Amino acid sequence: MNVLTGIAVFAVSLVCLHVLGVSCTPLHPKLFDGVSPESRAQLEHYRLNDDVLPTHYDIEIKPFFEAEPEREAFTFNGITVITVTASVENVTQIKLHKANMDILSWSVMRKSNSMVVRSGNNTYDEETQILTLHLNETLLKNVEYLVVFNYVGMMEENMRGFYRSYFKQNGTQVWLGSTQFEQTEARRAFPCFDEPKFKATFLLKLNYKHLEYNVFSNTPIAKSEVIGNDRTLATFSITPKMSTYLLAFIVAPYNTTGDDILQVLSRPQAVNQTTYSINEGLKLLNALGEWLQYPFNSVPEITRMYMAAVPDFSAGAMENWGLVTYRESNLLYVPEDATSLQQQRIATIISHELAHQWFGNLVTCEWWDVTWLNEGFATYFEYFGTAVVEPAWELDQQFVIDKLHTAMQTDGTVSTHPMTHPVYTQAQATAIFDTISYNKGGVVLRMLEHHMSTEVFKAALVEYVKDRQFKSSRPEHLFAVLDKHNSSASAFMKPWTTQPGFPLVSVTTNENGFSITQQRFLINGTNQEDKLLWPLPITYATNGDEFSNTKPTLVGTETYNISVSNAANVQYFILNNQQVGYYRVHYDDALWEKISKALRTRGFAGIHVLNRAQIVDDLFNLARADVMGYSKALDMLEYLKEETEYAPWMAAANGLATLALRIHPEDEKLFSQHIKDMFGKVYEYVQFQAPAQSERRLHTYLRRLVLDWTCRYGHDGCSKSALKEFETFRTNSSVKVHPDLRQVVYCEGVRRGSLEQFDFLLNLYLTTNVATEQQLTLQGMSCATEKAVIYKFMNLTSSPDVRSQDKSTALSLLLNNQYALESAASYLVENSARWAETHGGYEYVAIALASILLRVKEAAVKETIAQFAETNKDMLGPDAFELISKGLEEYDNNQRFTNDHRDEILGFLTLKAGSDASRTGIFNVVVSLCLLLVAIW
């Protein structure tokens, strides 16, 4: 894995920690800007030409899970026959992909008469992974030829291509084989034209040991014949016309549960964990088919849907057509061992992957430069598809916090990129699967929906899917269909896809209403020379009744005047109803004052919950970008003491998590006091208690968030309640902690405990059969504060006991524990060789150290890392050394930020601490007087 790929995987794991309800900050994008190795070929050479086009693949794979005569364990024999045609005259070479395989022989013949085409040699470019077959005669245009390969491949444990995984059954390791071909890994299983636009049909045969294994693929088995040596040859039905990355197959002793429409594949011990995903999957499959007026099995070849739980899986899930693969924690569900949020994540991931059956599989992005055509739609349906079958979950609110706000964090940096962005190399193809392609893609589609109206938007997508079915797609294909339904659709949407970043809209009051000005928002506050403008979707509210209007007026100019009669006397003026538009808003002092006053009135003066979340998120980020002062922002945020809704509090938690990293070490006691004061009332509102059966889902999530923050910052009631629950469970493991309290209880038990408490969770981690419980115990162990315990956690992460797929998550969890950073840095310096060997190279040591530098405040830790890097420069290599160097630069930048803003933040914290102490003193005097009067009476 190259450096950029490793960084991307680690960054994704940090961003996705909200699944466990962990408040954290993502990796700073600037740190990793430009750290990938220089491309070693001209960029255009990474792409195949269109001279030769594939139409069909016949593939036979014979895996070996143990050594056999003349065959090594974890290899496979392969035979691939590709039907191709030349699209131009005078073709004398065929270019295609292959990787990590030995080709034993190849030949080209005319399909109609099997006449062999005279062949020369072949050449291979290790960098581009392009194999060139040189021919001694020309191919005839539009005539079908067969390209035949015999080869041997490797089943590695890197979760790429056709790879090996395992599970334990009665203490014995049981091997299995599974696939992950997106983005550029099908070439590891068979030679192919491994770009999404080269769609073809596939006929797969698997030669396997039927006494030990079952086999599964995209389509049903058409024929199965025993061929001797305890082996069976299974021939699967021909697939639909599709891209190489969507082919999938599994060779595993799996059980199936479900019905004729949808079945879940799992290891035998997990069969009892599949009921929820079967039921939810069926509901989602039907709902999406109805929404798009295109049932999934309208494609003749796809008669049923498999969803498979794979023990080792690098991605969260993969949408292979008819055989969707998942991490176990994203598919298997046990009610008594999973939080409500984990249950929701299973549902939304299923919705995301099933949405790909239309957006990605049926209609496929032509190349990875427009990945958002796949992932943006899937992200949209991840939430709004699930909302169709789970309306009580209020996913429309969660979408704004989870997707829009997180997209802005990445998109507000100078190193962001447009949704449509050039891609050539494998590292670039990996990196483009990021917050911009996913979250921003979904956010822009939601914004478009409100511009067009839901009914028109839906009709346009129905037509788009039918128009581009079985084809690849570019944005212009989507835009053409959108414009048929709304003439301004593409003019509105295109700039959001081709320009980086998003605007800051500044609002001032004038005699006739309100003047707005747009400019690009950047978190570092620098003014860019590019004068980018966006078509702004403008909505506004001056009272509670107006927030329901989300049909915008489009404004494409730098400045614009919104006419409002009697503007000076409105109760407030808030832009961007329900935060449908993708932009931040900054108001003049008078307008901010009106908003602040409204937030402190009963019922928040009717301000919509999503606009309250928007205001909270904007305040933190406007202060961070020096658009407004921290004292003003923090003072306005005091309204949160009366807030009881999840969305504003989640926005606050995200902002506070970033701010906490910039608080001067000498001021942390005051900051902790401020956190406890801010969360005091809402703690009393949610209480440390298990959720009631009929409780709102978002209230359960609010409790989890509040308990996380209050326990972490030393709230006495929270800590005592959590420790009581932990010790009760540790004393009697049959008295389980409620799943929705488990995160806080496990964490607090280890945080306030020692090795004894850690070992209790470690034993649970090693023995549980439930992946979601493993997640919770891993998160709990990461809350360690003692050096010896932290070292044990790092040793665990470096051991086989933590699967490869979970190692980056384990490190991410630990690095979001401020008390663990110094010990983690010491461990990595002392055990760099072990870490490099376990994780795949010194680049991973550098990733970990650089991430620590983003969060740590102590100069001594920085100096330790700097000295280590300089002393071991040759061992680290140039890429890893540069990564640590960037981390050191960012440490210095963070310290400057802390010092530049310290006085203002400290002044606010000191003032609040004084006023709180004063209020407490007055309260105590009043209580004393009352008691005295009672005594006298």
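## Cys365 and its surroundings

In which strand is Cys365 found? In this predicted model, Cys365 lies in strand E20, which covers residues 363–365. With a relative accessible area of 1%, Cys365 is buried, and, leaving aside residues up to four places away in sequence, Cys365 touches Pro196, Val370, Thr371, Leu373, Asn374, Ser472 and Ser473. Arg118, by contrast, is separated from Cys365 by 247 residues in sequence and by 36 Å in space, taken from C-alpha to C-alpha.

## The two faces of helix H12

Helix H12 runs over residues 589–599, and its buried residues are Leu591, Trp592, Ile595, Ser596, Ala598 and Leu599. Viewed down the axis of H12, these buried residues fall within an arc of 165 degrees, so they line one face of the helix. The face turned away from this buried side carries the exposed residues Asp589, Glu593 and Lys597.

The buried residues of H12 pack against both strands and helices. The strands are E22 (503–510), E23 (513–520), E28 (574–575) and E29 (584–587), while the helices are H13 (609–624) and H14 (630–636).

## How H12 meets H13

The packing of H12 against H13 can be described further. Their axes come within 12 Å and cross at roughly 130 degrees; an angle between 115 and 145 degrees falls in the oblique range, and H12 and H13 are therefore oblique to each other. The crossing of these two helices is left-handed.

On the H12 side the contact is made by Trp592, Ile595 and Leu599, which meet Arg612, Ile615, Leu619 and Leu622 of H13. By residue class, the contact of H12 with H13 divides into six nonpolar, no polar and one charged. Trp592, Ile595 and Leu599 are also listed among the buried residues of H12.

## The pairing of H9 with H10

Helix H9 (residues 454–468) and helix H10 (residues 475–485) pack at an angle of about 135 degrees, and their axes are 9 Å apart. H9 and H10 are therefore oblique to each other, and H9 passes H10 in a right-handed crossing.

From H9, the residues Val456, Ala459, Ala460, Leu461, Glu463, Tyr464, Asp467 and Arg468 take part in the contact, and they meet His477, Leu478, Val481, Leu482, Lys484 and His485 of H10. The residues of this contact between H9 and H10 divide into eight nonpolar, two polar and four charged.

## Backbone features in three loops

Most residues other than glycine have a negative phi, and most peptide bonds are trans. Against that background, three places in the loops deserve a look in the structure above.

Asn90 has a positive phi, near 60 degrees, although it is a residue other than glycine; Asn90 is found in the loop between strand E2 (75–86) and strand E3 (91–97), and Asn90 is exposed, with a relative accessible area of 61%. Gln578, likewise not a glycine, has a positive phi of about 55 degrees and sits in the loop between E28 and E29, but at 18% relative accessibility Gln578 counts as buried. The strands on either side of that loop, E28 and E29, are among the elements against which the buried residues of H12 pack. The third feature concerns a peptide bond: the bond from Glu182 to Gln183 is cis, with omega near 5 degrees, and Gln183 is placed in the loop between strand E9 (172–180) and strand E10 (201–209).

Conventions: Residues are numbered from 1 along each chain as its sequence is written. This is a predicted model: local features need pLDDT of at least 70, side-chain atom pairs count only at pLDDT 80 or more; totals for chains, interfaces and linings use all residues. Side-chain values use heavy atoms; hydrogens and water are left out. Buried means under 20% relative accessible area, exposed over 50%, partly exposed in between (1.4 Å probe, protein chains only). Helices (H or I, at least four residues) and strands (E, at least two) are DSSP runs, numbered from the N terminus. The arc is that of the directions from the helix axis to the C-beta atoms. Contact means heavy atoms within 4.5 Å. Axes are lines fitted to C-alpha atoms, for helices over the stretch in contact, and angles run from 0 to 180 degrees between N-to-C directions. Angles under 35 degrees count as roughly parallel, over 145 as roughly antiparallel, 65 to 115 as roughly perpendicular and the rest as oblique. A crossing is left-handed if the near helix is turned anticlockwise from the far one by less than a right angle, and right-handed if clockwise. Ala, Val, Leu, Ile, Met, Phe, Trp, Tyr, Cys and Pro count as nonpolar, Asp, Glu, Lys and Arg as charged, and the others, Gly among them, as polar.
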